[in-house]
Amino acid sequence: MTSDTQLHELLRGAAWLPEDVRRADRYAPIDEAPLGSGTTLFLVSVVGGPAHGRLLFAPAHRDATGRLTDAQGSRAFDLACVRLMAAGGRIPTARGGHVEFRGDGTAARAVSPLPFAQGWSSNSLSLLDIDGRPHLHKAYRTLGAEVREPELLRLMHGSGHTPRWFGDYGYVPPGGAERLALGVVYTYTPGSGIDTPLRANLRALWPRLTGTQEPGRIGGTGGSDGLDGLVREHLAPLAGPLRTARSFLGGFHEELRTRLGRGTPPPDYPVEHALRAAETRYRALAERARDGVQLPPAALEKAFGALASEIELLRTAFDTTGTHPAGPCHGDLHLSHLLWDPPRLIDISTPGTGPDEPGWAEQSPLQDLVALGRALEYFSADEAAYESARLLGVDSTETMLASLDGGAGMPPRERSVLLLVFEAADRWRRHVAGLLLTRDGVDGTGGSERADGPDEALAGPGRALTDEPLRRLLYLRRLLHELDYNFAHARPYHAAIDLRHAMALGLPSPLPLTLTTRT
């Protein structure tokens, strides 16, 4: 087995290493397997520090002097993995386990690397040409049972909703314990996330608010109705793609239900457990907010009061609505994960891959739509803060924080700029959500008083849903999760976006909802 010292030298200076892993006392070898061509696959445990016990995957080359260098992304590593997948190979490890390679039976006659600018990623990515078709090789740096993407891609192979699975490989410890995913190869789908056309559309709206791009000249939209009409007309070119994406998501969730659920009835979502967990997290966050979070005290008080009210409303709602079916979902859906031309989904993080797996019951297709709704909230608020800051000649953090109280302390002209830009962004977001997230893809929402709440774009004429309490619970849980993250990482700008939408909670829903995954 390789010594701790060699692994320490390999890992300590690695550019991809998270800071908590970098602060380890040492890195201990757990197991290793020879891949060939001077490459060894190392399984490493983090010892000491905040990431104690975390498992790492560290393929490495050994040079003529015996020094180890990172092999992920290298030609030798990529080609060896692909060929072993195609052959269905198995490599024994030093301690009696094995690394298992599996594939879809496709022969890899010609494999060569392609130019690829990975950018920063917590995993290793490389682009390969396999028999004339580009594929991505993703090797995971951090290991755990929560890495389910290879199995999901395998189970969804041929569905048309996810990239085509070529193969994957995983580590099986001595004694045949649970297999840990090490890497996966799948077809590369060119294109961009749906955030790309949305960003271009929203940024093209700003000059239309004024008829000019000169700072200081803003207004003239014809009031609330005029602004709404302007936003609707401006979004018209994206109406078709957004409705197509909505329909695609419905098909994806149905395919997940069929392939992963294997025809079994959906379990009941554990709402009581989820609500208790949300309440516990709320209390911890409220305590942290009292201990000096650098955000306006009035906004914190109002937001946490609204969160407390929402928890009580949900508890009452669940006492009167019976059970709520669960169902498989993407698990951590962001705008960039939904490719739009043509529609495809990437980076799937489904909590459970089947009825016999942990986490199967605590997921819902609504979870994905709530995640997209939250992503739209971040996206539109960030764009509004940036644009209003540009017009006013200030930093965007200043405009974001000012949006929490509607710019109450600003001079009248500056406040009018802030209010118009944020109102336009909010209306734009509601129309986008209407097209992307509602049953009928209806563009527009009517005059809900909860203009910044989680369901402002989800209303429709006479279409009440029994799953509204679950949707609201899922929204609450995601908002609390993101607020917790932003508090923990000292991100007041992003926490302000959370507070802005938290303040709209705690009121009964004013309109029946049509949020759905069905097409």
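## Residue L41 and its surroundings

L41 counts as buried, because its relative accessibility is 0% and the buried class covers values under 20%. The model described here is predicted. L41 belongs to strand 2, which spans residues 39-47.

Leaving aside residues up to four places away in sequence, L41 is in contact with D31, E32, A33, L35, F57, P59, F77 and V99. The C-alpha atoms of L41 and H61 are 9.1 Å apart, and the two residues are separated by 20 positions in sequence.

## The seven-stranded sheet

An open sheet is formed by seven strands, arranged in the order 6-7-12-13-10-9-8 with antiparallel pairing. Strand 6 (90-92) and strand 8 (111-114) stand at its edges; each has a single partner strand, so one side of each is left without a neighbour in the sheet. On average, and ignoring direction, neighbouring strands of this sheet are turned by 20 degrees against each other.

At one edge, strand 8 is joined by four bridges to strand 9 (residues 124-130), and the two run antiparallel. Within this region, P113 stands opposite L128 of strand 9. Helix 3 (residues 75-87) packs on the sheet and touches strand 6, strand 7 (98-103), strand 8, strand 9, strand 10 (133-139), strand 12 (165-172) and strand 13 (180-187). The direction of helix 3 makes about 100 degrees with that of strand 12.

## Salt bridges

Side chains of opposite charge can pair when their charged atoms come close. The count for this model comes to 43 salt bridges. One of them joins D484 to R288, with the closest N and O atoms 3.1 Å apart. This pair links distant parts of the chain, since D484 lies in helix 12 (residues 468-488) and R288 in helix 7 (residues 271-290), 196 residues apart. D484 is buried, with a relative accessible area of 17%, whereas R288 counts as partly exposed at 33%.

Helix 12 also contributes E482, which forms a salt bridge with R374 at a closest N to O distance of 2.8 Å. E482 lies in helix 12 and R374 in helix 9 (residues 365-392), so the pair ties together parts that are 108 residues apart in sequence. E482 is buried, at 12% relative accessible area, and R374 is buried as well, at 0%.

A further salt bridge connects the side chains of R429 and D426, with an N to O distance of 3.0 Å. Both residues lie in helix 11 (residues 412-437), three residues apart, about one turn of the helix. R429 and D426 are both buried. Elsewhere, a network of salt bridges links R90, E100, R102, E151, R154, D168 and R179.

## The largest pocket

The largest pocket holds about 1400 Å³ of space. It is lined by 38 residues, of which D332, H334, R478, H481 and E482 are the closest to its centre. E482 is thus both a lining residue and a partner of R374 in a salt bridge.

Two or more lining residues come from each of helix 5 (195-210), helix 7, helix 9, helix 12 and helix 13 (492-502). Helix 9 supplies the largest share of the lining, nine residues.

Definitions and conventions. Residues numbered from 1 in each chain as written. Predicted model: local features only at pLDDT ≥ 70, side-chain atom pairs only at ≥ 80, totals over all residues. Heavy atoms only, no water. Pairing = 2+ DSSP bridges. Axes fitted to C-alpha atoms, helices over the stretch in contact; angles between N-to-C directions. Contact = heavy atoms within 4.5 Å. Salt bridge = Lys/Arg side-chain N within 4 Å of Asp/Glu carboxyl O. Buried < 20%, exposed > 50% of the residue type's maximum accessible area, 1.4 Å probe, protein only. 1 Å grid on protein atoms, 1.4 Å probe; cavity = no way out; pocket = protein on both sides within 12 Å on 5 of 7 lines; lining within 4 Å. Points joined across faces, edges and corners; volume = space filled by probe spheres on them.
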